[in-house]
Every structure is written in structure tokens, then in C-alpha cells.
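Thanks for coming. I have one structure to go through today, so please look at the screen while I talk.

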Amino acid sequence: MALILLGINLVMYSMSSGYRQHNFFLSLENSSTVVASAVLQQEKAEDYYAVKNSMLQHLADEEEYILRINKESEQIHFPASLPLDESFYWETIRNGRARHYENGVHYVGLFRENVTGEEDILVVSSARDMEGDAYRKRLKTTLAIAFLAAVFVMTLTTVFFSKRLFGPMVKIMKKVNSINAFNLNDRLEKEHSLDEISELQDTLNDMLQRIETAFKAQQAYVSNISHSLRTPLTVIAGEAEIALSRLEQGHPATYSLQMIMQETEKLKHIINTLLELAKAEGNGQDQGWSVRRMDEILESVQEVVSKMDERYKLKMDYSEFPENEAMLCVNCNEQLLILAICNIILNGFKYSDNQAVYLKLTSTGQKISLQITDSGIGIPASDQSKIFNPYFRGSNTANYEGFGIGLPLAMKIIETHKGTIQVSSKVGKGTIMEVVLPAAYAAQHASMQV
């Protein structure tokens, strides 16, 4: 619109300036006509000049040059004092008149034949259009101000209507992009906007409702299957443990029974993860929560991990334990928190080919930090922001089995505990995942102050 308006302004200026210049040339030609008539009719010269002075516009710096020429002559001498080419004079002679503009001065040539047989008359008039120059300057300023004002108004109008028209669309896109498998119950908020946008919001909400219904059906199916699988796995693990306890030391079947128990524990962990993932739609507050010490939870984690594979080496660092052990207490769902930490640790073992994983527990009184460090393949920088998305797997994990549900579930559980997971990783060097949880001691102290 600004370009169109600029084009219109240029056309307006050009037409107005050209019209003004044309009228000035007409005035100068009228003056030249009076002068030529006065020269040709000497007896009426005073009358012509009287008409010129009374009726015609007085032009600034007006001058007249009268040339007596014989157009039949082969040699005509034109005055060199005027900045005009000979082509101007010959055009005047051929056409009866000519116009020229140079350096702010208008020139008009007028040719009249002398019917008495004497030399013909060629009148050259020149003048400056001072009013016209002032008019063009004012016009230019007016158009420039009008253009800038119009652009400013259009900008404000565009911003206003773009916010009014596209603001709801931006909110819709942000909201839709924020909805994932863990918050399918979120809906778009209805706002007073265009009917089309309201219909779009209704359509998207209906679609989300259908997706949520289908997803819940899938969750119920996974939950039922997980419950059905856990019972026989518990029986298998129990029978293998009983059989192992009855064998003599060094019996050939001992190794096989140990492998059965280890693989059963891994499978139970996978099933538990699937079951908790199916339950992750809720916030977990309806299950048993209590205040527990973080070091005790890590002991339970170590026990669970050791049952899965004897090769797993989990090394604990308690060197920065606080003097006040109450600073290690967290308000948590113990089983969920153990599951989340186990998922992160098992990822460290898997992607480091069963090399040692290091745990370091620290507390500042306000926060409890658990650093989980491995020396595995690392996470590419482009993948680090996506590893907590459900079913996402890193670009360098093609040679490792997995489903992309362990870390998303861990993040969901930690967020349920009002904590965060921070990732620091270099490809080929390993990964550090820091789980930060609010200390129950700090929360209790803050509530007492309130």
C-alpha cells in the first residue's frame, strides 16, 4: 500500500507540475503574441502594450528579444547571448512557436510573417515562474507529509487489525503446539473473535476430544495388558528364585536361572514403565505421597538396578552430604521417583555399553540435586531439546534398542514432583543429567514463615 500510495503521489506531483508549467508557457506565449503584434502594427503598439499591462499576468524577470529575419535567406544569424540552440529557432520558424526550459527559466519562441513584405518577426520571451517554483515546493512538502502520515496511519491500522485478526491464530498455534501425549485434556480457550476463528477453535477442540478418547482407550488397553503381564512375570521370577535356592553351588543350571531372573526384572521394569506411561495423564497426586530421604530412595534404586543385570556398576558419591540430614528429604511418590531415576540410569548403562554410571547427591537446603553421569555415546546438540518428547529417539541411537518412552516418563514424573531435569552432553564423551527437586525441609520452613 505504501508503494501504491507513493506511485499515486508521484503521478499527482508530475501532473500538477506539468499542468502548472503548461499554463506558464501559455501566459508567456500570450505575452509574446502581444509583443509581436505591437511590432508588426506600430500604429497600434501603445494599445497592445496597454492590454498587456492591464490584462496579462506580470511575469518575474520577463524579457523579450525581437529578431527580424528573412526565412528565405540561406544564412540567418541568431543571437549568441541567449542559451538556446539553433534548433530552437528553426523549430520556431517551422511551427510558428517553440518552448524550452533550462535552469529555472522558461523560453518561448513566436514567429510572425510580415504581410507588408518586410522582414519577418521572431520574438523570444523568457521569464521565471517564481510562483510556480514555490507552488511545486509546497506541493512536494504537502505530498511528502501526507505520504508519511498515511504510512504511519496504515502501519497503526495494520498492527491493530493484524493483532485482531491474527493474534487469535498465533495463540491457537502456540496452544496446539504445546499439546502432547501428556496433556491431551487441554483445550483451546474460546475468545471473542471472528466467526471463522471461533469455528476453527471448535473444530480443533472436537479433534482434540476425539484424539483424547482414542488415546485413553489405548492407555486402558496398555494398562490392562501390563497388569495381565505382571502377574505371570512375578510367578516366573519367584519360581526361578526358588529353584535357584534349591540348587547346589556350581550347578550347571545356576547361570540359566540367574539370567531368567535378570531378564524377568528387565521385562518387569519395561512393563512398569508402560503402565506408568498409561497413567501419566493424571498428576499422580491420588497415589501415596510421603516425605522420604533421597539417599534412601537411591539405595532402593541401586537394589532395583542390581537385580536387572549384575554387570551394571552404579557408583555413588555422597561426599557433599549436608550436615543436617533433613535437607535430603523430599515430598514424593516413592515408586514413581524410583522409576524415573531408574529410567535415566538405565539409559546411561545402555548407551555406554554397560560402563559405570556415577551418581552424585548434593543439597543446598532449598534444592536437592542428583547428577547422573555416564561415558556413553552422548546426545547431539540438535537432539537435546527433543529427547523428552514421547517416542523420540536420538539420531545416533540406531544400533540400540529402545522405544523413546523412558526419558519422557522420567520428565513427567519429575515435573509432577515440581522438579526439573537439565542435560549436558557431548557426542562421544558422555552425558550428565541433573535432576533437581525441591527439598521438603525448605517447603516446610517456607510454610512456617508464611
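Helix H9, residues 406-416, is mostly covered, with 10 of its 11 residues buried. Keep in mind that this is a predicted model. The buried positions in H9 are Gly 406, Leu 407, Pro 408, Leu 409, Ala 410, Met 411, Lys 412, Ile 413, Ile 414 and Thr 416. Note that a lysine, Lys 412, is on that list. After H9 comes Lys 418, and its phi is positive, near 60°.

That brings me to backbone angles. Most residues other than glycine have a negative phi. Besides Lys 418, I want to show you two residues that go the other way.

Tyr 391 is not a glycine, yet its phi is positive, about 70°. Where does Tyr 391 sit? It is in the loop between strand S9, residues 367-374, and H9. Tyr 391 has a relative accessible area of 48%, so it counts as partly exposed.

Asn 103 is the other one, a residue other than glycine with a positive phi near 55°. You will find Asn 103 in the loop between strand S2, 97-102, and strand S3, 105-112. Is Asn 103 buried or exposed? It is exposed, because its relative accessible area is 66% and the cut-off for exposed is over 50%.

From that loop we can follow S3 into its pairing. S3 and S4 run antiparallel to each other and are joined by 8 bridges. One of the residue pairs there is Tyr 107 with Ser 126, the latter in S4. S4 also pairs with strand S1, residues 60-69, again antiparallel, and 8 bridges join those two strands. On that side, Ile 69 has Asp 120 of S4 as its bridge partner. So S4 has pairing with S1 and with S3. How many of the residues in S4 are buried? The strand covers residues 120-128, and 8 of its 9 residues are buried, which makes it mostly covered.

Next, Asn 70. Asn 70 belongs to the loop between S1 and helix H3, 86-95. At 40% relative accessibility, Asn 70 is partly exposed. Its C-alpha atom is 9.9 Å from that of Leu 122, and the two residues are 52 apart along the chain.

Now to the other strand I marked, S11, which spans residues 430-438 and contains Thr 431. Thr 431 has 6% relative accessibility, so it counts as buried. What does the side chain of Thr 431 do? It makes a polar contact of 2.8 Å with the side chain of Ser 425. Leaving out residues up to four places away in sequence, Thr 431 touches Ile 372, Thr 373, Asp 374, Gly 378, Ile 379, Val 423, Ser 424 and Ser 425. Ile 372, Thr 373 and Asp 374 on that list fall within S9, residues 367-374.

On to the aromatic rings. There are 5 aromatic pairs in the structure. One of them is formed by Phe 160 and Phe 161, with 5.1 Å from centre to centre and 80° between the planes, an edge-to-face arrangement. Phe 160 is partly exposed, at 48% relative accessibility. Phe 161 is partly exposed as well, at 43%.

I will also show the rings of Tyr 318 and Phe 321. Why is this pair called edge-to-face? Their planes are at 65°, and the label applies because that angle is over 60 degrees. The ring centres of Tyr 318 and Phe 321 are 4.9 Å apart. Tyr 318 has 33% relative accessibility and counts as partly exposed. Phe 321, at 29%, is partly exposed too.

Last, the cysteines. How many disulfides does the model have? The count is 0. Take Cys 332: the nearest cysteine sulfur is that of Cys 329, and it is 9.5 Å away. A disulfide needs the two sulfur atoms within 2.5 Å, so Cys 332 is in no disulfide. Cys 332 is also buried, with a relative accessible area of 0%. Cys 342 is buried too, with a relative accessible area of 1%.

That is what I had. Questions are welcome.

Definitions and conventions: Residues are numbered from 1 along each chain as its sequence is written. Side-chain values use heavy atoms; hydrogens and water are left out. Helices (H or I, at least four residues) and strands (E, at least two) are DSSP runs, numbered from the N terminus. Buried means under 20% relative accessible area, exposed over 50%, partly exposed in between (1.4 Å probe, protein chains only). A polar contact is a pair of N or O atoms within 3.5 Å; within protein, one must be able to donate a hydrogen and the other to accept it, and residues adjacent in sequence count only if both atoms are side-chain atoms. Contact means heavy atoms within 4.5 Å. Rings of Phe, Tyr and Trp (its six-membered ring) pair if their centres lie within 6.5 Å; planes under 30 degrees apart count as stacked, over 60 as edge-to-face and the rest as tilted. Two strands pair if DSSP finds at least two bridges between them.
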